[in-house]
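Colleague: I would like a close look at one part of this complex, the sheets of chain B and the helix that goes with them. Please add what helps to place that part in the rest of the model.

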Amino acid sequence: MSTIDYIKEHFDRLQSAEHSSSLQAIRQQAFQAFSKWGIPTVKHEEWKYTRISSLFNKAYQLPPLQEAVTVSPADIASAFLPGHEQANALVFVNGLYMPSLSVIRSAGLRVIPLEDAASGEFKEVVAKNLGHSRHYLKDGINALSTAFLQGAVFMHVPKGCTLEHPVYIYNITDARSASILAQPRSLVFVQERANVEIVETFATLGMTDSFTNQVMEMVVEQDAVVEYYKIQNDVSHATLVSTTHIRQTGKSEVHTVTISLGEGIVRNNLNMVMDAERCESHLYGLYLQQGNGHIDNHTIVDNVSPNCYSNELYKGVMDGHATGVFNGKIFVRQDAQKTNAYQSNKNILLSDNASVNTKPQLEIFADDVKCSHGCTVGRLDDEGLFYLRSRGIREKIARSLLLHAFAVDVLEQIKNGALRQYIDKLIEERLEIDQL
Amino acid sequence: MLSIQNLRAEIEGKKILKGINLDIKPGEVHAIMGPNGSGKSTLASVLAGREDYDVTGGTVSFLGKNLLELSPEDRAKEGLFLAFQYPVEIPGLTTTNFIKTAVNEKRKYHGQEPLDAVAFLKLMKEKMALVNIDQSLLSRSLNEGFSGGEKKRNEIFQMAMLEPKLAILDETDSGLDIDAIRIVANGVNKLRNKENAVLVVTHYQRLLDYIVPDFVHVLYNGRIVKSGPKELALELEERGYDFIKNEFPVSEEV
Amino acid sequence: MKTETAEPLKDNRVDDDLSTIEKTVLSDYKYGFVTNIEADTAPKGLNEDIVRFISAKKNEPEWMLEWRLKAYRHWLKMEAPNWANLTYPPIDFQDIIYYAAPKQKVKPKSLDEIDPELRKTFEKLGISLDEQKRLTGVAVDAVIDSVSIATTFKEQLAELGIIFCSMSEAIQHHPELVRKYLSSVVPVTDNYFAALNSAVFSDGSFCYIPKGVRCPMELSTYFRINAENTGQFERTLIVAEEGSYVSYLEGCTAPMRDENQLHAAVVELVAMEHAEIKYSTVQNWYPGDKEGNGGIYNFVTKRGICQGAHSKISWTQVETGSAITWKYPSVILKGDYSVGEFYSVAVTNNHQQADTGTKMQHLGKNTRSRIVSKGISAGFSNNSYRGLVHVSKKADNARNFSQCDSLLLGDKCGAHTFPYIEVKNNTAVVEHEATTSKIGEDQIFYCNQRGIDTETAVALIINGFAKEVMNQLPMEFAVEAQKLLAISLEGSVG
């Protein structure tokens with residue numbers, strides 16, 4: 001049975017098993033959308049360069065209806081990131097939140113099941129924001145996540161609260177005994193004047209194929225500050241679609257860095273909806289790909305309100321048979337006068353078989369704006385290479401140094417020191433700088 | 001030390017060097033002068049091994065080795081240093097890290113242990129004082145946002161760190177005011193000794209007031225058409241390059 | 001870089017023309033008149049019989065009819081493209097007249113015999129069909145509705161071996177060339193509108209430059225839609241043999257009518273080794289009125305192939321007219337060291353919509369392309385740049401530079417940029433830059449303070465914005481194009 005047929009069957013099981021859930025209606029609605037759209041094929045403009053539809057001919061399994069912990073703390077220890085000891089840890093296994101494996105250290109931080117939030121004190125916040133990404137991602141894969149809302153969390157950072165510890169989110173897919181379709185889902189509510197750092201990462205256990213379809217939606221209120229880091233360095237048989245949808249509802253600041261180093265198929269959606277005046281957002285990305293790796297970064301910056309500032313810089317290095325895709329959209333709505341929006345995508349191709357497809361896109365409906373985008377695809381700068389070699393540095397090392405230099409301005413955007421050093425080390429290993 | 005014989009080079013089919021002959025011995029300072037387009041910078045580039053140029057004839061021996069067979073990095077490790085006319089900016093690579101890599105690569109080539117951080121810093125401090133370069137410059141990305149003078153000073157600092165046998169200064173004075181020229185020239189002079197040599201490539205005589213050459217060669221239309229003592233530079237300054245052009249009209253290539 | 005010395009001259013030209021701009025900013029679409037001349041038309045609608053009718057009218061050989069029918073049958077199976085950033089009601093292809101020819105009593109044997117009404121039409125448009133009156137050497141092929149009326153300077157060109165005639169004539173007199181090259185760049189099945197054009201095209205220009213010949217004058221076609229309810233489907237084919245050069249101009253206008261009229265043209269260029277084709281367009285089809293009624297639907301397929309090494313194709317376009325513009329002049333860079341260029345100024349005002357850009361397909365080694373696109377949006381219009389730069393796996397050392405700038409006048413219009421960049425070769429260097437800006441109040445104030453009124457100041461600033469593209473146009477066209485820019489934007493700044 002293909003995954004699609006199985007999904008249809010499984011959906012009815014889920015709905016009847018949780019018939020009293022506060023999420024029934026939204027699941028039903030999303031499932032209808034999914035049935036209409038299906039898994040996006042390359043004919044879908046936003047999926048032109050990333051082929052995932054054929055993966056669904058395989059027989060992935062969705063998680064069982066009852067929570068069953070299949071992994072032990074020891075199993076996931078290898079996924080831990082530096083700074084772990086001093087961080088809140090939210091662990092998802094096969095898409096379901098695992099309180100027993102998670103650690104909440106910070107006073108103020110609340111993490112509760114999404115269905116509880118949807119029926120309790122956060123009812124309105126959930127109603128307004130859960131599934132908000134569907135307005136931007138009109139495809140079956142986004143609908144699929146909402147159709148199977150299960151084991152999802154609501155994370156709350158209350159008014160004026162500066163979290164002492166960062167929040168590390170581990171999306172673990174246990175593919176040791178079966179091919180898994182995991183759909184971790186979260187809704188993050190960062191209230192006025194709150195301050196939080198979130199680090200999200202992905203790890204697959206086992207050797208069978210897995211497909212992770214993760215969605216995080218976030219609301220950021222007035223004067224809040226958010227740092228968000230997405231670290232991807234998973235195995236090559238793991239496929240990942242990772243969506244982060246951030247809506248700024250008050251003058252606030254969001255800083256994101258996406259690092260992609262794995263060799264599997266990765267599609268990232270990062271949406272920044274600037275729904276209030278004077279919002280500021282930064283979107284940085286670095287992707288180093290080799291082997292048959294495929295990395296697709298789709299970003300949307302939607303300037304709904306005036307006087308917002310956004311800056312985006314994505315850099316990529318493609319080796320082997322790797323493919324890089326970048327699609328960056330900037331929308332400036334009619335009311336969003338005085339928008340300042342910048343976007344840049346730079347790529348280096350190292351091998352004969354690597355390729356890059358990039359599409360920086362502007363759609364502007366206001367006249368008093370400053371917007372620019374640029375992109376480059378090329379090889380390492382010959383002049384720089386010669387300069388280094390003329391100082392006695394071997395060509396191989398010179399190349400590594402130049403590539404590292406290329407990556408530095410994104411690396412520097414990781415403000416968490418332990419994390420930055422860790423990523424830097426991974427990159428140095430990849431570039432074999434550590435062997436100098 | 002350096003012996004160039006009948007060196008010919010071209011770029012994209014265009015002949016630039018049409019038979020250069022030049023001998024440089026340890027301890028000597030040579031100056032190559034010539035009008036724009038005469039091939040001065042090409043000569044510097046070919047010696048350093050820039051791959052845009054095709055060497056179509058002649059030989060170059062450097063310390064007994066066939067220079068033209070060596071890669072640019074091996075030429076550097078053998079002791080040839082080119083101070084670039086336009087030093088390259090490399091955002092993201094700190095000057096310190098760059099020089100440390102270069103110094104240790106050279107040490108490795110000569111069978112020496114790499115310098116540890118302490119020894120390297122000590123060496124750096126020492127050389128910094130020698131060429132009056134500021135610490136803050138070295139922690140910034142290589143040449144990025146440096147002024148013209150800072151870039152050239154950084155070149156001389158690298159020269160101090162790498163202790164070359166032969167330093168080629170390619171139009172090092174271009175874009176510098178007189179104070180900056182003096183500082184750079186002082187740096188070069190401090191680094192001179194009986195073992196090493198300097199080849200100054202310049203359009204103007206003024207740099208030669210500070211780095212006094214033993215020999216001056218006039219490069220014109222791809223050939224050295226005149227050689228003489230340092231006074232030749234003064235003569236060129238007074239009379240301009242026109243008299244050379246008149247004396248040696250461009251002849252058809254045979 | 002080579003044109004540095006020519007620059008100041010062009011600057012003067014810009015300045016000299018200031019008064020003209022001032023005059024013309026106040027005028028409306030001045031080409032909106034209708035010529036009263038009887039037309040010989042086909043019945044409305046499209047079917048195989050209409051295709052046969054057109055082919056018979058043109059007295060075409062059998063192979064040409066077969067070619068048309070093949071296109072028609074394929075078109076029936078196709079769907080209209082919907083990927084462009086354009087909205088318009090579905091086109092009723094049965095409500096269009098596919099053939100309309102001005103009735104002339106006798107077929108003119110020389111230019112003197114042309115119907116005076118027609119002659120007047122072109123005089124009004126500023127196009128003289130009288131060779132003696134032409135000061136500069138521009139040879140003109142005048143096309144009204146579906147047929148070519150006159151081609152000037154034919155004999156002089158023939159002495160050099162240059163063939164410049166209407167497409168109908170070419171099919172009659174040079175069938176071997178037409179057969180060889182027609183649809184060699186744009187296959188009949190290429191896209192919906194190209195297939196339609198192939199089925200029903202009625203005329204157009206054909207141009208052949210033999211080996212080593214540098215065409216001594218600008219060649220030009222002037223298109224005019226006159227008849228009501230008529231679609232215009234012309235087909236242009238230019239072949240430049242080894243080492244030849246030609247500069248080609250194209251202009252177009254239509255009367256003001258309340259209904260939308262369809263224009264679906266195909267242009268094919270073939271450049272052999274060391275050949276160069278420069279193709280310039282000033283597109284000024286009727287854009288519709290201020291409320292968005294009427295106007296031409298302009299769906300055009302233009303493509304050139306740099307077949308031989310060191311060949312060059314350069315497209316320059318100034319797009320100010322049409323209600324809808326759907327147009328992507330492209331270059332297939334097949335020959336090694338070949339060069340493709342695309343320079344575009346697209347102006348949209350009122351309710352106009354433009355989705356235009358280019359495709360640069362790098363196939364050969366050391367190929368270069370350059371894209372400069374300037375979009376100006378005003379009123380309620382939408383202006384999109386859509387471009388593709390594709391570097392194939394074997395295209396070593398390909399280079400592309402693209403610059404796409406947008407200028408918005410007012411906050412009811414939109415500017416969109418959709419650049420696709422696909423690179424499959426690691427020796428390629430591809431750069432894309434885009435900016436969006438508005439005319440600064442300080443700029444206008446500075447002009448005002450020097451005694452220049454706001455409308456003129458805007459015209460000046462826009463000409464500055466578009467200058468890089470305007471400089472690519474042949475002199476004659478540049479002046480006209482500048483006037484057009486000013487006219488198109490009239491009333492958009494207040």
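Modeller: What follows starts with the sheets of chain B and then turns to chain A, the core and chain C. Keep in mind that this is a predicted model. Its scores are ipTM 0.84 and pTM 0.84.

Take the six-stranded sheet of chain B to begin with. It is open, with mixed pairing, and the strand order is S6-S9-S10-S3-S11-S12. Strand S6 (80-83) and strand S12 (223-228) of chain B each have a single partner strand, so these two edge strands are left without a neighbour on one side. From one strand to the next, the twist averages 20 degrees.

Look at the S12 end of that sheet. Strand S11 (residues 215-220) of chain B runs antiparallel to S12(B), and five bridges join them. One pair to find on screen is B:Leu219, whose bridge partner in S12(B) is B:Ile224.

Now the helix. Helix H1 (residues 40-48) of chain B packs on this sheet. H1(B) touches strand S3 (29-33), S6, strand S9 (166-170), strand S10 (197-202) and S11 of chain B. The direction of H1(B) makes about 145 degrees with that of S9(B).

H1(B) also meets strands of another sheet. The helix lies across strand S1 (2-11), S2 and S4 of chain B, running at about 70 degrees to S2(B). Those strands belong to an open, antiparallel sheet of four, in the order S2-S1-S4-S5. Its edges are strand S2 (14-24) and strand S5 (65-66) of chain B, each pairing on one side only. At the S5 edge, two bridges join S5(B) to strand S4 (residues 54-62) of chain B, and the two run antiparallel. There, B:Phe62 stands opposite B:Lys65 in S5(B).

Chain A offers a parallel arrangement. Strand S12 (residues 253-260) of chain A pairs in the parallel sense with strand S10 (residues 225-232) of chain A, over eight bridges. In that pairing, A:Val225 has A:Glu253 of S12(A) as its bridge partner. S12(A) also pairs with strand S14 (residues 280-289) of chain A, again parallel and over eight bridges. Here A:His255 has A:His282 in S14(A) as its bridge partner. Six of the eight residues of S12(A) are buried, so the strand is largely enclosed by the rest of the structure.

Next, the nonpolar core. The largest one has 336 residues. Those with the most contacts inside it include B:Ile168 and B:Val200, along with A:Val190 and A:Val332. C:Ala240 and C:Ile277 are on that list too. The largest share of this core, 10 residues, comes from helix H8 (residues 395-411) of chain A. In soluble globular proteins, nonpolar side chains tend to be buried together. Beyond four places in sequence, the residues that C:Ile277 touches include C:Ile238, C:Ala240, C:Leu269 and C:Ile313.

Chain C needs some care. Its mean pLDDT is 81, and 77% of its residues reach 70 or more. Among its elements, strand S16 (residues 330-333) of chain C has the highest mean pLDDT (97), and helix H2 (residues 18-24) of chain C the lowest (33). Over residues 1-27 of chain C, pLDDT stays under 50, and the model has 21 contacts for them beyond four places in sequence. Residues 132-136 of chain C are also below 50, with three contacts beyond near neighbours in sequence. Where pLDDT is low, the predicted coordinates should not be read in detail.

Note on methods: Residues are numbered from 1 along each chain as its sequence is written. Chains are lettered from A and ligands numbered from 1 in the order in which they are written. This is a predicted model: local features need pLDDT of at least 70, side-chain atom pairs count only at pLDDT 80 or more; totals for chains, interfaces and linings use all residues. Two strands pair if DSSP finds at least two bridges between them. Axes are lines fitted to C-alpha atoms, for helices over the stretch in contact, and angles run from 0 to 180 degrees between N-to-C directions. Two residues are in contact if their C-beta atoms, placed from the backbone, lie within 7 Å. A residue is buried if 20 or more other C-beta atoms lie within 10 Å of its own, exposed if 12 or fewer, and partly exposed in between; C-beta atoms are placed from the backbone. pLDDT is the predictor's confidence in each residue, from 0 to 100. A nonpolar core is a set of buried Ala, Val, Leu, Ile, Met, Phe, Trp, Tyr and Cys residues joined through C-beta atoms within 7 Å.
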